[in-house]
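Me: I would like to learn how the words used for a protein structure are justified. Could you take me through one, setting each value against the cut-off behind it?

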Amino acid sequence: MNQNQPVNFDGVDAALDELGRTVAAAAEQGDAVQGTAIAVTGVDTALARKERMALQARTAMNAQKSALEMRAKVRDEIETARKAAEAMLAEARRREQEIMATLEPMIEQAKIAAEGIEALNLYLGRDEWVHTIREGVPAPATEPLIIRQTVVAFDEESALNAEAGGIEYSDVEEFDAWLLADPRHLDQVVPEPKSIVAAIARRSDVFTGDPWEDDARNKLNHLSWLLIRNGENLYRINISEEFTVGERLVPKSDEFTSLFLTRGRDGASEPLKPGTDEWVKAEKHANAKTRHYMKIALTVQGLVDRTAYLRPLPEGVSVIEQSSYDAGHVRVITDGENAIDSGRPSFDAWLSEKMKLVRPGIRVVGFYRPVTSRDWNGRGQIDNISPTTARSPESLQVHTITRMDSDGCPVFTYARTDEVWTDYGLRPAKTRASFTIMGHDNTVVPIDFVTEEELRYYLESRSERRAYLKMFPALRAALELLIREREEEAPFRALLTAELQKKHPIGELEAEDRTDELVRWWKTANKWNRALNGDQDAETKAARVILREAARRAKAASVGGDEQIIAQLRDTYSDLLAVARRTNDYVAVQRIIRKWQCSDPKWNTKVATETLFVRLIIVKPSGKVSEIRDWQHLTRASIARWEILWEDEAWAGWDLTGSRQDHLTDPEIDEVIEKALEYAGKMGWTPISVILGEDKFRYAAIHGAVHYVDGTTATLATEGAELTGKHDASFQTKSFEIWAEKPGDFGRHRYESVENWRRANRRFRNDEPVPTGMQAPWEQDIKRHRLVWADVDAVERVRADAEAWGTVDDHVRSLRSKVSQLFKEIEDAWLAREWEARRLRFIEDYGDASLWEDHQKSVTVTLPTQRTARQTNPSDWAELHTAIVSAVEARRPLAGLTVRDAFGSDITEEWPDRIAELRFAAKDA
């Protein structure tokens, strides 16, 4: 069909006409043989009327058959017309797209023209707004114009109003005042004498709960400014309310080339293939970026050409032409991508590591906010304040950690300021409340583990200030406390410095550094931290301990010191994780090789954790080992006073946060096994295996089971009675659950379980061979990696019994399958006979065999074995099944025999549905 011509429905019309003629002809034939009266006066009349009705039925059925055939033809024609119509519509759409495609260049040109107009408006400064922050002498013409890449944020640079989240667009004049308040502020934001820096009010969004207000404020906060410094002159220019510079004022070195890279399956970067859809998209994106940065360049060039903000300048200076850069008149500083790494961790990583060291006696300061969650019925609850009715502690107040909770989180107590109901009405609360610093909380600073230098660095760092701006008040509070303590401790520190100079040949500066280090060591070495600020007894004791530690360090250094101890320990002991110095000795941390290794590291199936317990080797300064302690559990708090001198790479991943109560040592696991075997013996059982593994979901340190036999044996079928005799459906052994909720504990389930042995017929992992033989319950998948004890001889005896049962069971299954097949043969024979009988009766009634195939589709034949008890006697078919079972057990062949021949006419003649006449298949299945 021509797709440019209307759809031709002639075929549909012709088919419909033919269908109509067929139905009309059938109706005429039906009228000619009408008559449905069944009154009869004898056999001859009944036969005649039956013939007439059969003729009428045949006529109607033939008419229905013809009509259905014609209807199928009509539907075929309709489908053909539909496809033709869809093809015509598809062609129309294609032509529409083809026509519109010719318009695409014009539309794209219009967009580019609109962008060009926008760029020229930026060059002309049509929507420009300038605020003069300061006026003075401009920089000379010889001073190069510096354009910085990074877009700064007013709130991040100034940290003004950090307690409330920082300043916004409406507070921009406060930022101006901050810039002028200190020359260092100006040098921080706009360092060069003649330079341009792009800025926005704030990067992070404002959330007030009102989406419309939030959207309006955030839009203003993201407006672009240009900060221009020219000698003593300082300007803040708003470019346009419709244009923002984005993340950078100047593109990164790989900003365009990275668009044409994609990530391959292995994670490595791969170039895009030219001509692909991804390549075309990358080209469009690159063109858009080019136009964006050209607008920025034209904006700056407009300021050069038409304003005096940057003058004096060399003649013909252009930020667009390369010649100005070659001449040194314009320079770009890519501070957004070439910043020098300080080598320090990010703020979050730094604070996280410091918080891991927290223990009782350490002081903290920060924001103490309640942490809420939902209980089992959806109600809100406070998780970190007890009692939950108490008010939160006042933020930015110093508190001392008093204990660690069961999860290892630090807790401090504080005086309540709220009232509680008593028998006498509302009264001030007397009992102190407790506040728990949750593991994910990053709003608290541990004062005793941070230094003034660290706090100043993060307060002054601009690289990631946006991530912790709200923590500024806490950092400042910690810094003020440390400075105040240092000033109060100045007399004590001066005395200590002088003593160090007397006792050791060092200069004043080195003595001051050692004093600072030793004072910090003394504070963290004591459980309860306290300042050295005037208590004469405390200062005398502290000086004695500190000077002794200084002498110990000096002695160690004079005899080869730390390096000699480290070398000695590494030569003597294998699997060392770390070597550390303590107050009066050294300690080597050695990995303990667990008795039950993680046998399947790929799937992390294990009996017990391998990165928790260690062996501690205590060494005197002389190098002599004074003590060895096995199965030690280290925490951040316990090693906080250590000075790590050497560490293996595995030490960084060692678990220092796990709970001792949640894990068992090898001797403790052996104790659990011993108690489990003892219990089985008392019950008169024979244990054959024990499986154990750490199980966090059961709130137990370890959980598992004991598998045993109790003297009972499997019942096996005997020869000749495989189907009628007793035979266990599975081979089973028993087990009971065991666990230990904590070290030294032992629990067991009061009831036993029955578990099946299975045939090994598939692999558990794709990279493993298929196992063979009978598998015990503990040998299946993950359980097989948690076997901690087994009586090998007993297991093999039980396995031999299981294999014997499996051999018999396979034989029984094959005989059952044969019985099912023979019984199905008789069912199939009955069905074939029943369908044939119905076909013959249909032909007898209607006289036309060609109509049977269509009529058969409307008929349902149900097997007698599937009928209800009201329709037949199922016990007679059950007797047939019993007879087949007996024949199979007796190994009597039934192939080709009738039921009568197979089982005798004396019993089969009484069976219903003429079963006796049915025949088994000629060959055994």
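Reply: What follows is a set of questions and answers about this model, which is predicted.

Me: What does the protein chain consist of in terms of helices and strands, and what percentage of the residues is buried?

Reply: The secondary structure of the protein chain comes to 22 helices and 32 strands. Of its 925 residues, 39% are buried. The chain exposes about 52,100 Å², and carbon and sulfur atoms supply 50% of that area.

Me: Why is Asp 418 called buried?

Reply: The relative accessible area of Asp 418 is 7%, and buried means under 20%, so Asp 418 counts as buried. This residue lies in the loop between strand E15 (410–414) and strand E16 (419–422).

Me: How do you know that the side chain of Asp 418 makes a polar contact with the side chain of Arg 416?

Reply: The distance given for these two side chains is 2.7 Å, and a polar contact needs a pair of N or O atoms within 3.5 Å, so the pair meets the distance cut-off. Leaving out residues up to four places away in sequence, Asp 418 also touches Thr 389, Ala 390, Arg 391, Pro 428 and Ala 429.

Me: Why is Met 106 called exposed?

Reply: Met 106 has a relative accessibility of 52%, and exposed means over 50%, so Met 106 counts as exposed. The residue lies in helix H3 (residues 104–124), and together with Met 100, Leu 103 and Ile 107 it makes a nonpolar surface patch of about 340 Å².

Me: What makes the pair of Glu 128 and Arg 306 a salt bridge?

Reply: The closest N and O atoms of Glu 128 and Arg 306 are 2.7 Å apart, and a salt bridge asks for a side-chain nitrogen of Lys or Arg within 4 Å of a carboxyl oxygen of Asp or Glu, so the pair qualifies. The pair links distant parts of the chain, with Glu 128 in the loop between H3 and strand E1 (129–134) and Arg 306 in helix H8 (residues 277–306), 178 residues apart. The structure holds 50 salt bridges.

Me: Glu 156 and Arg 203 also meet in a salt bridge, but is Glu 156 buried or exposed, and why?

Reply: Glu 156 has a relative accessible area of 4%, which is under the 20% limit, so Glu 156 is buried. Its partner Arg 203, at 25% relative accessibility, counts as partly exposed, because that term covers values between the limits of 20% and 50%. The N to O distance of this salt bridge is 3.1 Å.

Me: Why are Asp 710 and Lys 734 both called partly exposed?

Reply: The relative accessible area is 28% for Asp 710 and 24% for Lys 734, and values between 20% and 50% are called partly exposed, so the term applies to both residues. Asp 710 forms a salt bridge with Lys 734, and their closest N and O atoms are 2.9 Å apart. Asp 710 is in the loop between strand E26 (700–709) and strand E27 (732–740), whereas Lys 734 is in strand E27 itself.

Me: Which residues have the most contacts inside the largest nonpolar core?

Reply: The largest nonpolar core has 37 residues, and those with the most contacts inside it are Trp 350, Phe 412, Ile 437, Val 445 and Leu 455. Its largest share, 7 residues, comes from H12. Apart from this core lies another, of 27 residues, among them Leu 145, Ile 228, Val 250 and Tyr 309.

Me: What makes Gln 568 partly exposed, and how do you know that its side chain makes a polar contact with Gly 623?

Reply: At 30% relative accessibility Gln 568 falls between 20% and 50%, so Gln 568 counts as partly exposed. A polar atom of its side chain lies 2.6 Å from the backbone oxygen of Gly 623, and the limit for a polar contact is 3.5 Å, so this distance is within the cut-off. Gln 568 has its place in helix H16 (residues 561–572), and the C-alpha atoms of Gln 568 and Gly 623, which are 55 residues apart along the chain, are separated by 7.7 Å.

Technical notes. Residues are numbered from 1 along each chain as its sequence is written. This is a predicted model: local features need pLDDT of at least 70, side-chain atom pairs count only at pLDDT 80 or more; totals for chains, interfaces and linings use all residues. Side-chain values use heavy atoms; hydrogens and water are left out. Helices (H or I, at least four residues) and strands (E, at least two) are DSSP runs, numbered from the N terminus. Buried means under 20% relative accessible area, exposed over 50%, partly exposed in between (1.4 Å probe, protein chains only). A polar contact is a pair of N or O atoms within 3.5 Å; within protein, one must be able to donate a hydrogen and the other to accept it, and residues adjacent in sequence count only if both atoms are side-chain atoms. Contact means heavy atoms within 4.5 Å. Accessible areas come from the Shrake-Rupley method with a 1.4 Å probe; for residues, only the protein chains shown count as cover. Patches are made of residues with over 30% relative accessible area and no salt bridge: like charges are joined within 9 Å, nonpolar side chains (Val, Leu, Ile, Met, Phe, Trp, Tyr) within 5 Å. A nonpolar core is a set of buried Ala, Val, Leu, Ile, Met, Phe, Trp, Tyr and Cys residues joined through side-chain atoms within 4.5 Å.
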